[in-house]
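The following note sets out points for a colleague to consider while examining the structure. It begins with the annotated sites and the ligand shell, and then turns to the helices and strands.

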Amino acid sequence: NFILAIESSCDETSASIIVDGKVLNNIVATQSVHEKYGGVVPELASRAHQENLIPVVQEAVLSAGITVDQLAAVAFTRGPGLMGSLLVGVSFAKALAFARKIPLIEVNHMQAHILAHFIDDPKPSFPFICLTVSGGHTQLVLVKGYLEMEVIGETQDDAVGEAFDKTAKLLGLPYPGGPLIDKYAKEGNPKAFKFPVTRMPGLNYSFSGIKTAVLYFLRDQLQENPKFIEENLADLCASIQFTLIEMLQIKLKEAVKQYGVKEIAIAGGVSANSGLRNTLQELAEKKGWKLYIPKFEYCTDNAAMIAMAAYYKFLAKDFSSYDVTPLAKMKI
Ligand code: ATP
Ligand code: MG
Ligand code: FE
């Protein structure tokens with residue numbers, strides 16, 4: 001049973017083919033038009049999806065060595081995401097499923113980020129705690145089964161990926177700044193500058209304070225030394241990254257304590273961050289956790305994770321009707 005999966009929630013157009021739980025490919029077209037605007041421009045994103053979707057699907061089908069009439073189902077990201085971007089994927093999936101008279105499978109993008117852990121070995125066992133850290137979300141999720149998940153904590157304002165990108169912008173770095181902060185942080189001292197660690201009640205997060213803290217700090221320093229950023233870029237990046245990782249791990253440790261679960265996973269674009277990976281690896285060794293980190297290509301938006309989620313829904317015969325509509329906001 002070949003399933004075609006499509007991802008178009010933000011600024012990556014992606015298609016993947018899965019058969020019997022095995023992902024055959026993961027074709028991703030990343031949109032570069034947004035770089036010069038310092039962030040994703042929704043109208044440009046949906047337009048680029050329209051241009052990229054058919055070539056990306058064609059490549060996925062071709063490289064899987066199949067034809068469209070061999071597909072058993074079509075899966076797509078229903079939400080959460082940008083409405084205009086989602087619409088492109090949803091409309092395409094509906095049209096194809098309807099034309100081929102095959103089932104349509106809707107996938108929750110945030111569930112899919114977590115199910116990326118089931119693409120390759122080693123796979124976490126249930127229940128596990130997943131720290132999902134992406135451009136739009138920061139969540140602690142108790143994962144009880146493939147399609148049975150409970151959010152036990154989440155950010156009350158900005159996502160951690162947003163905090164990376166917005167502070168990077170203050171440093172004059174292009175969008176998306178997260179990977180660049182990661183790169184420069186490697187040569188910097190994480191204790192060089194101190195930024196406040198925000199502590200929210202329960203297992204919740206808040207990441208909006210750091211951009212204000214960095215903004216005022218830079219304003220003061222630049223008044224005395226206009227070259228402050230370029231002279232201290234590595235230390236600034238290392239210190240910002242250190243603060244964000246501190247906040248992430250404090251609540252993760254609390255969640256582990258509360259739920260008594262030692263299978264830990266991370267998911268989402270920010271799980272590509274090498275500082276976060278290293279810190280959690282050390283923590284896992286110290287605390288006796290089993291830590292699962294996805295391959296880089298499955299951290300950021302991709303259709304392979306959508307395909308994985310679709311596979312479990314296919315097994316459960318959990319299909320959508322042909323008049324399904326996208327959801328910009330969608331709970332796990
Ligand atoms: P969501 O999944 O919440 O809808 P999204 O799909 O935009 O949001 P992802 O594609 O999963 O998010 O992740 C993108 C985010 O990951 C961006 O904020 C980007 O800066 C960040 N990111 C990617 N690589 C790194 C890295 N090495 N270090 C820090 N942040 C990173
Ligand atoms: Mg993206
Ligand atoms: Fe995502």
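1. Glycine 178. The model is a predicted one. Apart from residues up to four places away in sequence, glycine 178 touches Gly161, Phe164, Asp165, Ala168, Gly269, Val270 and Asn273. Glycine 178 belongs to helix α5, which covers residues 178–185. Because 27 other C-beta atoms lie within 10 Å of it, and 20 or more suffice, glycine 178 is buried.

2. The annotation that includes glycine 178. In the unreviewed UniProt entry, a "binding site" annotation covers Thr132, Val133, Ser134, Gly135, Gly136, Asp165, Gly178, Asp182 and Asn273. Two of the residues touched by glycine 178, Asp165 and Asn273, are thus listed in that annotation.

3. Serine 134. This residue is covered by the "binding site" annotation that also covers Gly178. Serine 134 sits in the loop between β7 (128–133) and β8 (138–145). It counts as buried because 24 C-beta neighbours lie inside 10 Å. Beyond its neighbours within four places in sequence, serine 134 is in contact with His113, Ala159, Gly161, Gly268, Gly269 and Val270. Gly161, Gly269 and Val270 are also among the residues that glycine 178 touches.

4. The shell around ligand 1. There are 24 residues around ligand 1, of which Gly135, Gly136, Gly161, Gly178 and Gly269 come nearest. Helices α3, α4 (160–170) and α5 are the elements that each give two or more residues to this shell. By character, the shell comprises 7 nonpolar, 14 polar and 3 charged residues.

5. A further annotated group. According to the unreviewed UniProt entry, a "binding site" annotation covers His109, His113 and Asp301. These residues are spread over 193 residues of sequence, yet they cluster in space, with a largest C-alpha distance of 8.8 Å.

6. The two histidines. Histidine 109 lies in helix α3 (residues 109–115), and histidine 113 also has its place in α3. In an α-helix there are 3.6 residues a turn, so residues three or four places apart point the same way. Histidine 109 is buried, since 27 other C-beta atoms lie within 10 Å; histidine 113 counts as buried because it has 31 C-beta neighbours inside 10 Å. With neighbours within four places in sequence left aside, histidine 109 is in contact with Ser9, Thr77, Gly79, Pro80 and Gly81. On the same basis, the contacts of histidine 113 are Thr132, Ser134, Ala267, Gly268 and Met305.

7. Helix α8. This helix has 14 residues (274–287), which at 1.5 Å a residue should span 20 Å; its end C-alpha atoms are 20 Å apart, so the two values agree. Glycine 288 follows α8 and has a positive phi, near 70 degrees.

8. Strand β2 and its partners. Of the 8 residues of β2 (residues 12–19), 7 are buried, so the strand is largely enclosed by the rest of the structure. Strand β1 (residues 2–7) pairs with β2 in the antiparallel sense over 6 bridges, and the two form a hairpin with 4 residues between them. Within this pairing, isoleucine 18 in β2 is the bridge partner of isoleucine 3. Strand β4 (residues 27–30) runs antiparallel to β2 and is joined to it by 4 bridges; here alanine 15 has isoleucine 27 as its bridge partner.

9. The turn between β2 and β3. Strand β3 (residues 22–23) pairs with β2 in the antiparallel sense over 2 bridges, with valine 19 opposite lysine 22. The hairpin has 2 residues between its strands, and aspartate 20 takes a positive phi near 50 degrees.

Note on methods
Residues numbered from 1 in each chain as written. Chains lettered and ligands numbered in written order. Predicted model: local features only at pLDDT ≥ 70, side-chain atom pairs only at ≥ 80, totals over all residues. UniProt positions renumbered as here; feature names shortened; annotations may be inferred. Buried ≥ 20, exposed ≤ 12 C-beta atoms within 10 Å, placed from the backbone. Contact = placed C-beta atoms within 7 Å. Near = placed C-beta within 6 Å. Nonpolar A, V, L, I, M, F, W, Y, C, P; charged D, E, K, R; others polar. Expected span 1.5 Å × (residues − 1). Pairing = 2+ DSSP bridges.
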